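Student: Hi, I've just got this one up on my screen. Can we go through it together?

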Amino acid sequence: MPDSAAASRPYDDSLPIDLHVHSTVSDGTEPPAEVMRQAARAGLGTVALTDHDSLDGWDEAAAEARALGIALLGGVEFSTQIGPGSVHMLGYLVDPAHAELLDTMREIRESRFSRAERMVERISADYPLHWDDVLAEAEEGATIGRPHIADALARKGIVADRTAAFETILHWRGGYYQPHFAPHPTEAIRLIRDAGGVAVIAHPGSRGQRGMQGSALGELVEAGLRGVEIGHRENDELSRSLLRGYARKFDLIVTGSSDYHGDGKPNRLGEHTTEPEQLDRILALGTGSGLLA
Ligand code: AMP
Ligand code: FE
Ligand code: FE
Ligand code: ZN
């Protein structure tokens, strides 16, 4: 990239870029402002806040990012599904006032809430866990997920930590799993685009999403998918090489990100990063919102 282009960038391209992080607005363990402080401490120059099915952390994160002098993109990680398989779809630079987008996210959050209640009902037949214990682990209005049930199980001493809970009681074959509503990925892509955003499929190599490395990915590209998250700890080497092939074939934006969840997951800020040339493409395509800081 020539100096003139670099000089015109609205973010510091000499510092690492991490486009996938979570806060207590969903299943991260730190509030949005604290996530921004951790990002600055980790030496990042640009971050995207991508809570599950919610934009509620944008404003708090933006105020802190501005104070810290780091660049911030507003994002979301949409829960979607194909049959029983869940697929995560990142949406960047969407319009935060887009009514249909907000309605669909609210619908997913409400379905997640009652699904968690159903799971806890089943778990409580075998373990001393109550719905109030789960509510106590989540911020008011947060997108409720299995991580909050996991935290309640850990606090009660029923499991050691989140990861142990996911490997046992909360596993989809663990006997207590319940599904929740989520749109098809093509519907989420349509919504993200309609809201002026840029759709990037999250960690296609992670468990349960590996079908997204074949012809199914082509169908999503036809629906308007613009990018693929290749740098992610849940994509193994085989996945990455397959995905690099598809990215070339379909001219997709390629990202790398941490998927930071605070103490909720071992993922560390900046453990995978995105190249400025790729962020430039996202910024050029997104029209629903600009950099928030
Ligand atoms: P849910 O969407 O409620 O079914 O829960 C899945 C979410 O839990 C994912 O978005 C992850 O962020 C989180 N998760 C999945 N596996 C683990 C794990 N082993 N440890 C901590 N969090 C996890
Ligand atoms: Fe998560
Ligand atoms: Fe995800
Ligand atoms: Zn995530």
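Student: What angles are there among the four donor atoms of the zinc ion (ligand 4)?
Tutor: They range from 78 to 167°, and the site of the zinc ion (ligand 4) counts as irregular. Donors are N, O and S atoms within 2.8 Å of the metal (3.2 Å for Na, K and Ca), and water is not among the atoms, so sites may look incomplete. Four donors are tetrahedral if all angles lie between 85 and 135 degrees; four are square planar and six octahedral if opposite donors are over 155 degrees apart and all others between 65 and 115; anything else is irregular.

Student: Before I go on, what should I know about the model?
Tutor: This is a predicted model, where local features need pLDDT of at least 70 and side-chain atom pairs count only at pLDDT 80 or more, while totals for chains, interfaces and linings use all residues. Residues are numbered from 1 along each chain as its sequence is written, chains are lettered from A and ligands numbered from 1 in the order in which they are written, and side-chain values use heavy atoms, leaving out hydrogens and water.

Student: Thanks! Which residues hold the zinc ion (ligand 4)?
Tutor: Its protein donors are His20 and His22, each through NE2, plus Glu77 (OE) and Asp259 (OD). They lie 2.1 to 2.2 Å from the zinc ion (ligand 4). Along the sequence, these donor residues are spaced H-x1-H-x54-E-x181-D. His22 sits in the loop between β1 (17–21) and α2 (32–41), and Asp259 in the loop between β7 (253–256) and α11 (276–285), so this pair ties together parts that are 237 residues apart in sequence. Helices (H or I, at least four residues) and strands (E, at least two) are DSSP runs, numbered from the N terminus.

Student: Are His22 and Asp259 buried or exposed?
Tutor: His22 is buried, at 0% relative accessibility, and Asp259 is buried at 2%. Buried means under 20% relative accessible area and exposed over 50%, with partly exposed in between (1.4 Å probe, protein chains only).

Student: How far is the zinc ion (ligand 4) from the iron ion (ligand 2)?
Tutor: Those two are 4.4 Å apart.

Student: And what coordinates the iron ion (ligand 2)?
Tutor: Asp27 does, listed twice through OD, along with His52 (NE2) and His261 (NE2), at 2.1 to 2.8 Å. The angles among the six donor atoms run from 51 to 142°, and the site of the iron ion (ligand 2) is irregular. The spacing of its donors along the chain is D-x24-H-x208-H. Asp27 belongs to the loop between β1 and α2 and His261 to the loop between β7 and α11, so the pair ties together parts 234 residues apart in sequence. Asp27 is buried, with a relative accessible area of 8%, and His261 is buried at 2%.

Student: What about the iron ion (ligand 3): which protein donors does it have?
Tutor: Glu77 (OE), His88 (ND1) and His203 (NE2), lying 2.0 to 2.2 Å from the iron ion (ligand 3). Glu77 is also a donor of the zinc ion (ligand 4). For the iron ion (ligand 3), the donor spacing is E-x10-H-x114-H. Glu77 in strand β3 (residues 71–82) and His203 in the loop between β5 (198–201) and α9 link distant parts of the chain, 126 residues apart. Glu77 is buried at 0% relative accessible area, and His203 is buried at 4%. The iron ion (ligand 3) and the iron ion (ligand 2) are separated by 5.3 Å.

Student: New topic! What is the span of helix α10?
Tutor: Its end C-alpha atoms are 20 Å apart, which agrees with the 20 Å that its 14 residues (237–250) should span at 1.5 Å a residue. The expected span is 1.5 Å times one less than the number of residues.

Student: Which residues of α10 are buried?
Tutor: Ser239, Arg240, Leu243, Tyr246 and Ala247. The buried residues of α10 pack against α9 (215–223), β6 (227–231) and β7. The face turned away from the buried side carries exposed Glu237, Leu238, Arg248 and Lys249. Just after α10, Asp251 takes a positive phi of about 55°.

Student: Last one: where is Gly43, and what does Gly43 touch?
Tutor: Gly43 is in the loop between α2 and β2 (46–49), partly exposed at a relative accessible area of 29%. Leaving aside neighbours within four places in sequence, Gly43 is in contact with Leu15 and Pro16. Contact means heavy atoms within 4.5 Å.
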